Amino acid sequence: MLRLWGAFLLLPAAWCAGRETVLFDTDSGLFGDDGAALVMLMRSPEQIVIPGITVVPGNVWPDQGAEYMLHILDLLHRPQIPVFTGAAGPLVHSVAMARDYGRRWGVLEFMGALAHNDPAAVAPAPGWKLNARKPHHEAAVQFLISEIERQPGEVTILAIGPMTNIALALRLKPGIETKIKRIVFMGGNLKVPGNASAMAEFNFWFDPEAARIVLRSRIPQKIMFGLDICNTAPIRKAEFDQIASAHTPIADLYREDLGNRYPGFLHKPNATGYMWDSLAAAYLLDPGFVTRSESRYLDVLTVWNKFYGATVPLDTHIAGGATPVTVMLELDFKRVFELYKDKLTKPD
Ligand code: RIB
Ligand code: CA
């Protein structure tokens, strides 16, 4: 009997061994690519442990992003996962700057939260009431630091929004840089145009100073899913239909968001969306779908001109100790889409 009980006690340790701890830092809207990334990882418990979710301003302001994350966790039957908000806004960028950019250098394709003035406005997911649970306010940065310090060398950060929370954690406790196993992020653009401004990808454009801090850091491995590879993984109506037709609560939310909001497949059948953050999440499950990558030292432009947020080569003389970035460039779309579809259409 005692032996049986001992084996039972050992089970959680054995179950956790070999699984990757992932700190999930997101700027989630209602569902989109951030929500898909969360579902993919949460539905892979044999590979991934997510001890908590940190929310950063980006697509929406953090209280709204946290509300959406709490809702997705409910649909996944995982309400016990804590959700934290941290930075209330980007380090330097602001609503006024985003407006000024438009006046001086042309219309921005997407401004996310910087198009809205009221960070306190929170709406529930359509058809639901506001969640009774609330995020742990202003605790995201401390959560990142304590998780990294608790398991030095073991923790992967999945950064799928602007890098504000992560940059603040690195500035508050520089010692954690080398204790992070790796950061896998969606952001930046090398040889293709931006999708916020003509020059810059949205996550880097929203908080260029934060992205610069991370790219100049000593984090041992930096793995980048920028627009160069993301543009090769479009989601069109045919792919959307394969997921939306599953009619589970998660697939219904996917249908609602991608169908009626961005990119709006239900009204614009010729629209194109992108897997973006879901590609970065997929990499944690099956890195073999990437078929070409390159190592580069990278930086982000932070001067106030039309290149604000653009990805550029790093002058390593001014950032001694900075580690290179592995830039993902080509992929096997069929392989990664099958994974995405499999995870998003699973019965709950
Ligand atoms: O450029 C794509 C990024 O911007 C993704 O992280 C997406 O979620 C949006 O925030
Ligand atoms: Ca995102």
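# Tour from Trp276 to helix H6

Select Trp276, which counts as buried because its relative accessibility is 17%; buried means under 20% relative accessible area, exposed over 50% and partly exposed in between, for a 1.4 Å probe and protein chains only. This is a predicted model, in which local features need pLDDT of at least 70, side-chain atom pairs count only at pLDDT 80 or more, and totals for chains, interfaces and linings use all residues. Residues are numbered from 1 along each chain as its sequence is written, chains are lettered from A and ligands numbered from 1 in the order in which they are written, and side-chain values use heavy atoms, with hydrogens and water left out.

**Stop 1: backbone at Trp276, His77 and Pro263**

Stay on Trp276 and look at the backbone: phi is positive, about 30°, although the residue is not a glycine. Trp276 sits in the loop between S9 and H12. (Helices, H or I with at least four residues, and strands, E with at least two, are DSSP runs numbered from the N terminus.)

Select His77 next. His77 also has a positive phi, near 60°, and is not a glycine. Its loop runs between helix H3 (62–75) and strand S4 (83–85). Is His77 buried or exposed? His77 counts as exposed, because its relative accessibility is 56%.

Now go to Tyr262 and Pro263, which are joined by a cis peptide bond with omega at about 0°. Pro263 belongs to the loop between helix H11 (249–260) and strand S9 (273–274). As background, most residues other than glycine have a negative phi, and most peptide bonds are trans.

**Stop 2: the calcium ion**

Select ligand 2, a calcium ion, and show what surrounds it. Which protein donors does the calcium ion have? They are Asp27 (OD), Asp34 (OD, listed twice), Ile160 (O) and Asp277 (OD), at 2.2 to 2.6 Å. Donors are N, O and S atoms within 2.8 Å of the metal (3.2 Å for Na, K and Ca), and sites may look incomplete because water is not among the atoms. Along the chain, the spacing of the donors of this ion reads D-x6-D-x125-I-x116-D. Asp34 is in helix H2 (residues 32–42) and Asp277 in helix H12 (residues 277–285), so this pair ties together parts 243 residues apart in sequence. Both Asp34 and Asp277 are buried.

**Stop 3: Met186**

From the calcium donors, move to Met186 in strand S6. Met186 is buried, with 2% relative accessible area. Show its contacts (heavy atoms within 4.5 Å). Apart from neighbours within four places in sequence, Met186 touches Ala159, Ile160, Glu201, Asn203, Phe225, Gly226, Leu227, Cys230, Trp276 and Asp277. That list includes two of the calcium donors, Ile160 and Asp277, and the starting residue of this tour, Trp276. For a distance to check in the viewer, take Met186 to Arg261: 21 Å from C-alpha to C-alpha, with their positions 75 residues apart in sequence.

**Stop 4: aromatic rings**

Display Phe, Tyr and Trp side chains. How many aromatic pairs does a search of the whole structure find? The search finds 21. Rings (for Trp, the six-membered one) pair if their centres lie within 6.5 Å; planes under 30 degrees apart count as stacked, over 60 as edge-to-face and the rest as tilted.

Start with Phe84 and Phe143: the ring centres are 4.2 Å apart and the planes at 20°, so the pair is stacked. Phe84 is in strand S4 and Phe143 in helix H5 (residues 140–150), so the contact ties together parts 59 residues apart in sequence. Phe84 and Phe143 are both buried.

Then select Phe110 and Phe202, a tilted pair with 4.8 Å centre to centre and 45° between the planes. Phe110 lies in the loop between helix H4 (95–105) and H5, and Phe202 in helix H7 (residues 202–206), so parts 92 residues apart in sequence are tied together. Phe110 is partly exposed at 36% relative accessibility, whereas Phe202 is buried at 5%.

Finally, select Phe31, Phe240, Tyr254, Phe265, Phe333, Phe337 and Tyr340 together; ring pairs link these residues into a cluster.

**Stop 5: helix H6**

End on helix H6 (residues 164–172), where Thr164, Asn165, Ile166, Ala167, Ala169 and Leu170 are buried. What do the buried residues of H6 pack against? Their partners are strands S1 (20–26), S3 (53–55), S5 (155–159) and S6 (180–186), together with H5 and helix H8 (208–215). Two of these elements have already appeared on the tour: S6 holds Met186, and H5 holds Phe143.
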